[in-house]
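Please look over the model below before reading on. The points that follow concern its charged pairs and one part of its surface.

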Amino acid sequence: MKPVISIIMGSTSDLPVMEKACKWLNDQQIPFEVNALSAHRTPEAVERFAREAKGRGIKVIIAAAGMAAALPGVIAASTPLPVIGVPVKGMLDGLDAMLSIIQMPPGIPVATVGVNAAQNAAVLAAEMIAIADEEVAAKVADWKSGLGQKIEKANAELAAIKDYEYKCN
């Protein structure tokens, strides 16, 4: 299947964070690709990637970046596609990356999820695609309904613990 989501990272050191997005997309059977390109070390390759992504069938780009976090913005400047930035925890617990990603100039928006929140980026990308794709919409809806079921199950298990007594002083 042809990828519809592209996950791009500044280096493979971001892969442990981005694996959560890969796993979620795999579980939902939504085709994606993964690349490592650096806004600072391979700027021409990043711009070429961004310009050509739509023509290759990509619908949403997820870009992970730490510290200066230029990658999501550079990609957003070079493509009409939506870009989701994932700030990666680094020097300042990811606050430096998050602030870099959210402070984009007018006309170059980058959606941003929480620090290291790669799974949320994958869900958001799928929700964007779901606007025009009923199959993806059904997958997202099914997965989200499962979230409530997990909490209900956990609550029932907690209530079943007979030895547990919570005391307020």
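The notes below take up the salt bridges and then a nonpolar patch.

1. This is a predicted model, and a search of the whole structure finds 6 salt bridges. Side chains of opposite charge can pair when their charged atoms come close. Three of these pairs are discussed here, among them two that lie in helix α6.

2. In helix α6, which spans residues 134-159, K139 and E135 sit 4 residues apart, about one turn of the helix, and they form a salt bridge whose closest N and O atoms are 3.5 Å apart. The two partners fall into separate classes of accessibility, because K139, at 17%, is under the 20% limit for buried, whereas E135, at 55%, is over the 50% limit for exposed.

3. Helix α6 also holds K153 and E157, again 4 residues apart and about one turn of the helix, with 3.8 Å between the closest N and O atoms of their salt bridge. K153 counts as exposed at 55% relative accessibility, while E157, at 46%, counts as partly exposed.

4. A further salt bridge joins K89 to D93, with the closest N and O atoms 3.9 Å apart, and D93 is exposed, having a relative accessible area of 54%.

5. Which residues make the nonpolar surface patch? The patch, of about 610 Å², is made by M67, M91, L92, L95, L99 and I102. Of these, L95 lies in helix α4, residues 95-102, and counts as partly exposed because its relative accessibility of 43% falls between the 20% and 50% limits.

Methods: Residues are numbered from 1 along each chain as its sequence is written. This is a predicted model: local features need pLDDT of at least 70, side-chain atom pairs count only at pLDDT 80 or more; totals for chains, interfaces and linings use all residues. Side-chain values use heavy atoms; hydrogens and water are left out. Patches are made of residues with over 30% relative accessible area and no salt bridge: like charges are joined within 9 Å, nonpolar side chains (Val, Leu, Ile, Met, Phe, Trp, Tyr) within 5 Å. Accessible areas come from the Shrake-Rupley method with a 1.4 Å probe; for residues, only the protein chains shown count as cover. A salt bridge is a side-chain nitrogen of Lys or Arg within 4 Å of a carboxyl oxygen of Asp or Glu. Buried means under 20% relative accessible area, exposed over 50%, partly exposed in between (1.4 Å probe, protein chains only).
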